[in-house]
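These are my notebook entries on a single structure. I list what I looked up, entry by entry.

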Amino acid sequence: MNKDFLRGYRFDGDGSQELYAHAFGLAGFGSAWRGKVRTDIPYYFGITAQGECVPRYDNYVTLDTEKKDAWGIPALRIVASYGANERQMAKAMRSDVLEILEAMQLEDARPPGESLSVFGKNVHECGTARMGTDPKKSVVNGFGQVHDVRNVFVTDGSVFVTQGCYEPTLTIMAISARAADYIADECRRGDL
């Protein structure tokens, strides 16, 4: 637990040998070639960290009054940046990665940089059509039904208030299945 920031983060690790690409790229043949393939196998290991970006009123989406898409529909104007919480979390992530690399005693370890990735690069954008019970503070109800339009449902990541630091796909699927059940029930009752 780190009291310098809210919420948490995760690590992803990846490692592999490049045996086949290595073998196909080596000139030669015979036992000397096989020996070289077996002993000089290139490999890599990588570790990344991904943290939750907490909701902030400074981050929002509006419709652009000037810019239109090919069909004349106003384009989205996205205003988003990292806050102090994310910067503090990134410091902790970097420190933990450095500690892991040191414990692994790797040769030629390259420490992570200090800068954060471009906002939105490593996340699934979520939260632009917030789910909630109050139409003044949210766009959709608990079933993804738009408060102001009874026959419009939103079941993607935009309904999340926040998503944590993991992939949102399974949650999106669950929200969609829940909304589908609700729609079917409402249609059977004649309420939709």
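I began at the residue that follows helix α3, Gln105, and found that its phi is positive, near 50°. The model is a predicted one, and I read this angle as a computed value.

Next I checked the length of α3, which covers residues 84–104. Its 21 residues, at 1.5 Å a residue, should span 30 Å, and I found the end C-alpha atoms 31 Å apart, so the two values agree.

I then asked which residues of α3 are buried. They are Asn85, Glu86, Met89, Ala90, Ala92, Met93, Val97 and Leu101. An α-helix has 3.6 residues a turn, so residues three or four places apart point the same way. I looked up the partners of the buried α3 residues and found them packed against β1 (9–17) and β2 (43–51).

For the nonpolar interior, I noted that the largest core has six residues: Val140, Val146, Val154, Val159, Phe160 and Ile175. Another core, of five residues, lies apart from it and includes Phe5, Ala90, Ala92 and Met93. Within the largest core I followed Val146. Leaving aside residues up to four places away in sequence, Val146 touches Val139, Val140, Val152 and Val154.

Last, I turned to the surface. Val61, Leu63, Leu76 and Ile78 form a nonpolar patch there, together offering about 400 Å² of accessible area. Strands β3 (60–68) and β4 (74–79) each supply at least two residues of this patch. I placed Val61 in β3. Is Val61 buried or partly exposed? Its relative accessible area is 31%, so I entered Val61 as partly exposed.

Definitions and conventions: Residues numbered from 1 in each chain as written. Predicted model: local features only at pLDDT ≥ 70, side-chain atom pairs only at ≥ 80, totals over all residues. Heavy atoms only, no water. Patch = residues over 30% accessible without salt bridge, like charges linked within 9 Å, V, L, I, M, F, W, Y side chains within 5 Å. Areas by Shrake-Rupley, 256 points an atom, 1.4 Å probe, with all protein chains shown as cover. Salt bridge = Lys/Arg side-chain N within 4 Å of Asp/Glu carboxyl O. Helix = DSSP H or I, 4+ residues; strand = E, 2+ residues; numbered from the N terminus. Buried < 20%, exposed > 50% of the residue type's maximum accessible area, 1.4 Å probe, protein only. Expected span 1.5 Å × (residues − 1). Contact = heavy atoms within 4.5 Å. Core = buried A, V, L, I, M, F, W, Y, C linked by side-chain atoms within 4.5 Å.
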